[in-house]
Amino acid sequence: MVAKKWMVFLTILVCSVLGWHYYSCSGSCVFGLSHHLDKPPNVKEVLFFFRVPKTGSEMTVLLLQWLQGINSFHHIRLQNTVNRRLDTFEQVNLREEILGVLSASEGLPVAFDRHVYFTDLKRLLYRRTSAVMKVNYFSSLRDPVDRIVSQFYYRRATPRPNIKLPPHVSTRMPTSYRFQTMEECLEAAEPECSFVTGQHYDLQIPYFCGHDEHCTQLNNARALEQAKTNVELHFRVVGVLEQLNCTLRVAEQRIGTFFGGVQQLYFKELLGKANKGRKKCTFFKKEKNTYVFLEPRKNKNHGRPKQLREDLQMALRKNLTMEYMFYSFVKQRLLEQCGKNQTKN
């Protein structure tokens, strides 16, 4: 009996010491191991692009790759894109990865991108370093039904079974697919295509709501409000794929350090040359004293039909009520920003 009491006492003592040590490091220690920067970051401005899959994010990444040479900043693609919902320690590790890049960036602004749910990196960075830097958040959305349809066919064209979704998410990645068309999948009420209120899914709201469990719950009012609040408080720009003109205009106006000249680059250099008969619009990037090609990368779904049947679209829309509420909120915000920019100009 006495031995058991001593074991309980020692367990509580060890947990208390570890907890005190972690928080005394202001979150910069993980399991008692402290991370030290070689030198404090001298970066004045940072962009973090929270990439939502199948919203045109590859095009935005390509533009950032081109713009880094024009606007004199570094663009870093963070590699761990399969883990999107992070626990506390994983968020700290993400911060340390970012700080490591910033410390070696020689003072130039840095743009990062990654598929990850919303993480307040500004707060985490300020807890870790005394350096004064401007942190910008950027992301983009797409019509919810169009995104789901696009993702359905993309999974069949390029299966990625290793994506690490939260354990409570309702639709897992199957190793094989019964149906090859969205229509068949919907009519059979296959779990992959069924969106049930209260169940958990990797839709668009979690990328703005964050890592709480309710963020992935479909039609959760708390998740919707949390996502809207984060957009208003933290994001300089959230673009909309169906409003590309406004997205690029507002991004250039509000985050000019990174997106300066993006409209000319996209509409005149990229689309203009493509429309004149050039098969590829190619830019160059210098790497280790040599120039390498940067060509547009597109996620193509060759087997995707042009449009989903209207009755099936309506049924999906009905199940995605709060996803559409959030989409409308972001779209209205973008159009208001776009209108203000036109007035200024």
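## Exercises on a predicted model

In helix α12, the residues Leu312, Gln313 and Leu316 are buried. The exercises below concern a predicted model, and the opening one continues with this helix.

**Exercise: the faces of α12**

Determine how the buried residues of α12 are arranged around its axis, what covers them, and which exposed residues the opposite face carries.

Solution. Begin with the buried residues Leu312, Gln313 and Leu316. When the helix is seen down its axis, these buried residues fall within an arc of 105 degrees, so they line one face of α12. An α-helix has 3.6 residues a turn, so residues three or four places apart point the same way. Next, consider the cover over the buried residues of α12, which includes α5 (144–157) and α6 (182–187). Finally, the face turned away from the buried side carries the exposed residues Glu310, Met314 and Lys318.

**Exercise: the residue after α12**

Where does leucine 320 lie, is leucine 320 buried or exposed, and which residues does leucine 320 touch, not counting those up to four places away in sequence?

Solution. Leucine 320 is placed in the loop between α12 (310–319) and α13 (321–344). Its relative accessible area is 0%, and because buried means under 20%, leucine 320 counts as buried. With residues up to four places away in sequence left out, leucine 320 touches Pro144, Val145, Ile148, Phe195, Leu203, Leu218 and Asn219. As a further step, take threonine 197, which is 123 residues apart from leucine 320 along the chain, while the C-alpha atoms of the two are separated by 8.3 Å.

**Exercise: two residues with positive phi**

Compare the settings of serine 72 and asparagine 219, each of which has a positive phi without being a glycine.

Solution. For serine 72, phi is about 60 degrees, and the residue belongs to the loop between α2 and β4 (74–77). The relative accessible area of serine 72 is 43%, which makes this residue partly exposed. For asparagine 219, phi is near 60 degrees, and the residue is found in the loop between α7 (206–209) and α8 (221–234). Asparagine 219 has a relative accessible area of 17% and is therefore buried, the cut-off being under 20%. Asparagine 219 is also one of the residues that leucine 320 touches.

**Exercise: a second helix with a buried face**

Identify the buried residues of α4 (residues 121–128), their arrangement about the axis, and elements that cover them.

Solution. The buried residues of α4 are Leu121, Leu124, Leu125 and Arg128. Viewed down the axis of α4, they fall within an arc of 95 degrees, so they line one face of the helix. Their cover includes β3 (45–50), α3 (88–103) and β6 (134–141).

**Exercise: the second largest cavity**

Describe the volume and the lining of the second largest cavity.

Solution. The structure holds four cavities of 30 Å³ or more, and about 110 Å³ of space lies in the second largest. This cavity is lined by 15 residues, of which Met59, Thr60, Phe138, Leu244 and Thr247 lie nearest its centre. Two or more lining residues come from each of α2 (57–71), β6, β7 (235–240) and α9 (244–254), and the largest share, four residues, comes from α9. Sorted by character, the lining divides into nine nonpolar, six polar and no charged residues.

**Exercise: a glutamate in α2**

Is glutamate 58 of helix α2 buried or exposed, and what distance is given for the polar contact that joins its side chain to that of arginine 51?

Solution. Glutamate 58, which lies in α2, is buried with a relative accessible area of 9%. The polar contact between the side chains of glutamate 58 and arginine 51 is 3.2 Å.

Key. Residues numbered from 1 in each chain as written. Predicted model: local features only at pLDDT ≥ 70, side-chain atom pairs only at ≥ 80, totals over all residues. Heavy atoms only, no water. Buried < 20%, exposed > 50% of the residue type's maximum accessible area, 1.4 Å probe, protein only. Arc of directions from axis to C-beta. Contact = heavy atoms within 4.5 Å. 1 Å grid on protein atoms, 1.4 Å probe; cavity = no way out; pocket = protein on both sides within 12 Å on 5 of 7 lines; lining within 4 Å. Points joined across faces, edges and corners; volume = space filled by probe spheres on them. Nonpolar A, V, L, I, M, F, W, Y, C, P; charged D, E, K, R; others polar. Polar contact = N/O pair within 3.5 Å; in protein donor to acceptor, adjacent residues only side chain to side chain.
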